[in-house]
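Please look over the sequence and the model below before reading on. The report that follows takes up a few sites in turn and then the chain as a whole.

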Amino acid sequence: SATKMFYFKDRVRLTNPDYKIDSDTLNYSSDTRIAYFLGPTTITSDSSFIYCENGLYNTIKDVAQFEKNALIFDGNKYLTGDSIYYEKAREYGEAYGNVLIHDTVENYTITGGYGEYTGLTDSAFVTQEPLYSISDDDNDTLHIHGDTLYSIKTTDTLNQSFRLVKVFYKVQFYKSNVQGKCDSLSYSSLDSTIRMYNNPVLWDDSTQITGDTIFMLTKNN
């Protein structure tokens, strides 16, 4: 009673108007309102699903730290990592180690060693060997690699939404029929164009192309 800590074991459920937590083992502090997970745990709400096997959740601030097989499924976005920090209010997730962000609608995947994702702006920032992969209608996959990767969903002057990907430093990309490298690169899903900057080199079959800047359209062959 002095610690104001409750210990629960086997088929534990914590119910909140906005979500419910189901756990194998849960400790709850009535003083700080923090729930500690010590076994397989799910957090379910109308818009998201979270799984982990170790971590904590601040039920007042809606802030969490997840460890061990952590994953967050938010709408059509899937985020995993060795360790995930998550703020529900602004749909912000920060992941460390074996980071994976997957969009089931736009069909792209981003992997790396460290990542941040913000649901309100539908944007991602990934470092430590980031790799962006997207498949087209012919099931051919474009892979883009660099030191730093930034992805955001934005709109053009006609209010059409599209995905904009920017990759910086020591950029390399490859597809089944073309490869290239440059210092920095941007890719727009609106016009399916790769824009290569600073010493770009492009290889297509037996052809090599160089220049100050290269724009490459990647659809309709």
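Leaving aside its neighbours within four places in sequence, with which residues is S23 in contact? They are D10, R11, V12, G39, P40 and T41, where contact means heavy atoms within 4.5 Å. This is a predicted model, in which local features need pLDDT of at least 70 and side-chain atom pairs count only at pLDDT 80 or more, while totals for chains, interfaces and linings use all residues. Residues are numbered from 1 along each chain as its sequence is written, and side-chain values use heavy atoms, with hydrogens and water left out.

**S23 and its surroundings**

S23 is found in strand β2, which covers residues 19–29; strands (E, at least two residues) and helices (H or I, at least four residues) are DSSP runs, numbered from the N terminus. The relative accessibility of S23 is 5%, and it therefore counts as buried, the classes being buried under 20% relative accessible area, exposed over 50% and partly exposed in between, with a 1.4 Å probe and protein chains only. A polar atom of the S23 side chain lies 2.9 Å from the backbone oxygen of T25. From C-alpha to C-alpha, S23 and Y51 are 9.8 Å apart in space, with their positions 28 residues apart in sequence.

**E53, a buried acidic residue**

Y51 also has a link to E53, since a polar contact of 2.7 Å joins the two side chains; a polar contact is a pair of N or O atoms within 3.5 Å, where within protein one must be able to donate a hydrogen and the other to accept it, and residues adjacent in sequence count only if both atoms are side-chain atoms. E53 lies in the loop between β5 (48–52) and β6 (54–58). Although buried, E53 has no salt bridge, and K68, the nearest side chain of opposite charge, is 4.1 Å away. For this purpose Lys and Arg count as positive and Asp and Glu as negative, whereas His and the chain ends are not counted, and a salt bridge is a side-chain nitrogen of Lys or Arg within 4 Å of a carboxyl oxygen of Asp or Glu. With neighbours within four places in sequence set aside, E53 is in contact with L38, G39, P40, E67, K68 and N69.

**Salt bridges**

Side chains of opposite charge can pair when their charged atoms come close. The structure holds nine salt bridges, among them the three listed here.

| Pair | Closest N to O distance |
|---|---|
| K9 and D24 | 3.4 Å |
| K153 and E106 | 3.4 Å |
| E106 and R163 | 3.1 Å |

The salt bridge of K9 with D24 links distant parts of the chain, with K9 in strand β1 (residues 5–15) and D24 in strand β2, 15 residues apart. K9 counts as exposed at 53% relative accessibility, whereas D24, at 28%, counts as partly exposed.

K153 forms its salt bridge with E106; K153 lies in strand β14 (residues 148–155) and E106 in the loop between β9 (92–103) and β10 (108–118), so the pair ties together parts that are 47 residues apart in sequence. K153 has a relative accessible area of 37% and is partly exposed. E106 also meets R163 in a salt bridge, and because R163 lies in strand β15, this pair ties together parts that are 57 residues apart in sequence. R163 is buried, with a relative accessible area of 1%. Through salt bridges that share partners, K77, D103, E106, D122, K153 and R163 are joined into one network.

**T141**

T141 lies in strand β13 (residues 141–145) and is partly exposed, with a relative accessible area of 22%. The C-alpha atoms of T141 and K175 are separated by 6.1 Å, although the two residues are 34 apart along the chain. Beyond its neighbours within four places in sequence, T141 is in contact with S133, I134, S135, Y174 and K175.

**The chain as a whole**

How many helices and strands are there in the chain? There are zero helices and 20 strands. The C-alpha trace spans about 75 × 35 × 25 Å along its principal axes, and 45% of the 221 residues count as buried. Among contacts between residues at least 6 apart in sequence, 28% join residues at least 24 apart.
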